Amino acid sequence: MPEPPESPRYLTKLAELFVAHPTVVLSGTRMAQELAISRSSVWRGIELLRQYGMRLRGHRATGYQLEAMPDLLLPALLAPYRKSGVFGRRVHHFFRVDSTQRAALAAAAAGETHGTLFVAEEQTAGRGRQGHSWASPAGQGIYLSLILRPPGPPAGALALNLAAGIAVADAARAAAGVDADLRWPNDLLVHGRKAGGVLLEMSAEATRIQHLVLGIGVNVNQSEFPPELAPLATSLRLAAGRPLSRLEVLAEILFQLEARYQAFLAGGAAELQAEFARRSSYAEGRRVRVGAGEGAYEGVTAGLDAQGFLQVRRDDGALVTVISGEVRPAGRGDGDGG
Amino acid sequence: MDIDKIKSLVAGLADLLEGRRLEEIEVQEGELRLRLRRGGSVSIAPLPAAASNPAPAPAGATPAVPAASEPAESLFVIKSPIVGTFYGAPSPGAADFVKVGDQVEVGQVLCIIEAMKLMNEIEAEVAGEVVRKMATNGQPVEFGEPLFEIRPRK
């Protein structure tokens with residue numbers, strides 16, 4: 001059955017209807033009335049929900065019944081786990097979307113509020129930096145975008161980028177017991193493989209940030225990866241040795257993000273940089289390759305500068321400030337996304 | 001600035017404009033920029049970097065060039081709000097967001113400045129024509145560095 005490129009908006013409401021009545025047999029007609037959709041849309045929705053792992057049992061002539069609580073990132077299921085203040089108070093949930101980042105950027109430009117979460121079970125065009133993609137298979141990872149509206153000038157947002165990586169590492173430890181490394185500026189690595197990535201997109205005037213959209217992808221429950229990603233990628237499940245509740249991990253990420261965001265607002269840029277330097281094996285004394293293609297060079301990392309940029313001592317003795325670009329262990333020519 | 005030098009420069013550019021059937025030529029030497037457009041309009045303007053410190057050169061130079069009696073047109077300069085790497089396109093190999101000569105609207109994305117994976121989409125603050133693109137793809141830009149010049153639409 002061909003699926004639509006983006007899940008219809010009623011799908012989340014339909015799923016939440018089942019979650020709200022876990023032991024009840026719900027009639028198709030009643031659900032259609034409740035959601036103001038056609039009976040055939042209900043039937044199609046149930047088929048789609050089953051594809052996303054919802055166990056819905058059909059009862060002849062009476063309706064459908066939820067057999068087990070799904071580990072879906074539905075707003076109604078997230079609410080009891082959520083410990084954060086405003087982060088994730090408003091949620092736009094998608095079963096399938098091209099990119100939560102794209103959806104959140106559009107909503108932010110239209111005035112959507114600070115702390116609003118965009119989260120998807122599956123992305124068909126998950127985004128990394130500079131056109132890289134982020135593999136986003138259904139129901140296995142957490143793919144989220146969060147709207148932030150901090151006060152202050154655009155350059156101040158740099159520390160937020162480090163804060164996001166630290167928060168995701170904190171969440172991996174708290175929710176999965178996994179100790180992760182951070183690769184400058186904010187890749188989440190476990191045993192040298194990528195388990196999560198952060199992308200921050202900003203709309204700003206010369207002196208004032210309009211909004212930021214923080215995009216985070218975390219591999220949570222993948223038990224294997226396609227051959228081209230296998231040498232580069234891992235998941236929290238593989239690291240923890242057990243399947244994890246994505247809802248718990250998501251709630252923890254939101255909580256840690258908000259805590260680090262508060263520290264950022266309180267002027268903690270230097271502290272965040274120091275925290276990053278403590279936690280990252282890439283901050284100092286690590287032999288790396290910077291960039292890709294012609295302009296690439298190798299050297300040894302030499303800490304962060306006052307703005308949080310990575311310093312690299314090149315082989316010719318020059319100290320270079322890395323403003324952007326991929327930082328990889330020296331001698332590996334891979335170019336996994338960013 | 002040597003007036004004779006400007007004269008000969010304008011004459012040379014005018015020849016080039018005619019010979020090559022061009023619509024417009026713009027040259028830059030030192031802190032002076034010269035633009036000739038078909039129809040006889042010439043404008044001379046100090047570089048944006050020097051604009052805060054008005055040099056006597058443009059004013060003194062205008063009488064030497066008859067067509068430049070109108071003041072240098074006011075171009076809107078888009079500057080980088082952060083230190084970062086300039087990207088003219090959304091991804092490598094993709095078409096540039098804008099090119100010189102394009103008409104842009106307010107809010108239209110002109111480029112991305114990346115610092116530490118913080119992607120800053122730079123938008124046009126005025127509607128008009130992209131007259132000049134100063135930054136090079138993949139190269140670093142400083143805080144406040146001019147990126148584009150836009151001729152505001154009337």
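In this predicted model, Val97(A) stands opposite Gln123(A), a residue of strand β4 of chain A. The pair belongs to a longer match between two strands: β3(A), which covers residues 91–97, runs parallel to β4(A) and is joined to that strand over six bridges. Strand β4(A) spans residues 117–123, and because seven of its seven residues are buried, this strand is largely enclosed by the rest of the structure. As general background, side chains in a regular strand alternate between the two faces of the sheet.

A second set of strands worth a look lies in chain B. Here four strands form an open sheet in the order β4-β11-β9-β6, with antiparallel pairing. The edges of this sheet are taken by β4(B), residues 76–79, and β6(B), residues 103–104; each has a single partner strand, so one side of each is left without a neighbour in the sheet. For β4(B), pairing with β11(B), residues 146–152, is antiparallel and extends over four bridges. Within this pairing, Phe76(B) has Ile150(B) of β11(B) as its bridge partner.

Strand pairing also links the two chains. Strand β8(A) pairs with β8(B), residues 118–123, in the parallel sense, and four bridges connect them. Across this junction, Glu201(A) stands opposite Met119(B), which is part of β8(B).

The wider interface can be described around that junction. Contacts involve 30 residues of chain A and 20 residues of chain B. Interface size is often expressed as the accessible area lost when the parts come together. For chain A and chain B, the buried area is about 2100 Å², with 60% of it on carbon and sulfur atoms. Polar contacts join 10 residue pairs between the two chains, counting pairs with both residues at pLDDT 80 or more. On the side of chain A that touches chain B, α6(A), residues 158–176, and β8(A), residues 193–204, each supply at least two residues. Of the elements on that side, β8(A) gives the most, with seven residues. By residue class, the side of chain A that touches chain B divides into 16 nonpolar, 10 polar and four charged residues.

Charged pairing across the interface is easily summarised: the count between chain A and chain B is one salt bridge. Its partners are Asp187(A) and Lys117(B), whose side chains meet at an N to O distance of 2.7 Å.

Over all chains, the whole structure holds 27 salt bridges, and several of those within a single chain can be placed by their exposure. In chain A, Arg102(A) and Asp98(A) form a salt bridge in which the closest N and O atoms are 2.9 Å apart. Both partners are partly exposed, Arg102(A) with a relative accessible area of 34% and Asp98(A) with 26%. Another salt bridge brings together the side chains of Asp179(A) and Arg173(A), at 2.8 Å from N to O. In this pair, Asp179(A) is exposed at 57% relative accessible area, whereas Arg173(A) is partly exposed at 46%. Chain B offers a further example in Lys99(B) and Asp102(B), where the closest N and O atoms of the salt bridge are 3.3 Å apart. Lys99(B) is exposed, and its relative accessible area is 54%. Salt bridges can also share partners: in this way Asp170(A), Arg260(A), Glu275(A), Arg278(A) and Arg279(A) are joined into one network.

A final point of detail concerns a loop in chain A. Ser280(A) is located between α9(A), residues 269–279, and β10(A), residues 284–290. With a relative accessible area of 7%, Ser280(A) falls under the 20% limit and is therefore buried. The side chain of Ser280(A) has two backbone partners to consider. A polar atom of this side chain lies 2.5 Å from the backbone oxygen of Leu182(A), and the side chain of Ser280(A) also reaches the backbone nitrogen of Tyr282(A) at 2.9 Å. When residues up to four places away in sequence are set aside, Ser280(A) touches Asp181(A) and Leu182(A).

Notes:
Residues are numbered from 1 along each chain as its sequence is written. Chains are lettered from A and ligands numbered from 1 in the order in which they are written. This is a predicted model: local features need pLDDT of at least 70, side-chain atom pairs count only at pLDDT 80 or more; totals for chains, interfaces and linings use all residues. Side-chain values use heavy atoms; hydrogens and water are left out. Contact means heavy atoms within 4.5 Å. Buried area is the accessible area (1.4 Å probe) that two parts lose on being put together, summed over both. A salt bridge is a side-chain nitrogen of Lys or Arg within 4 Å of a carboxyl oxygen of Asp or Glu. A polar contact is a pair of N or O atoms within 3.5 Å; within protein, one must be able to donate a hydrogen and the other to accept it, and residues adjacent in sequence count only if both atoms are side-chain atoms. Ala, Val, Leu, Ile, Met, Phe, Trp, Tyr, Cys and Pro count as nonpolar, Asp, Glu, Lys and Arg as charged, and the others, Gly among them, as polar. Two strands pair if DSSP finds at least two bridges between them. Buried means under 20% relative accessible area, exposed over 50%, partly exposed in between (1.4 Å probe, protein chains only).
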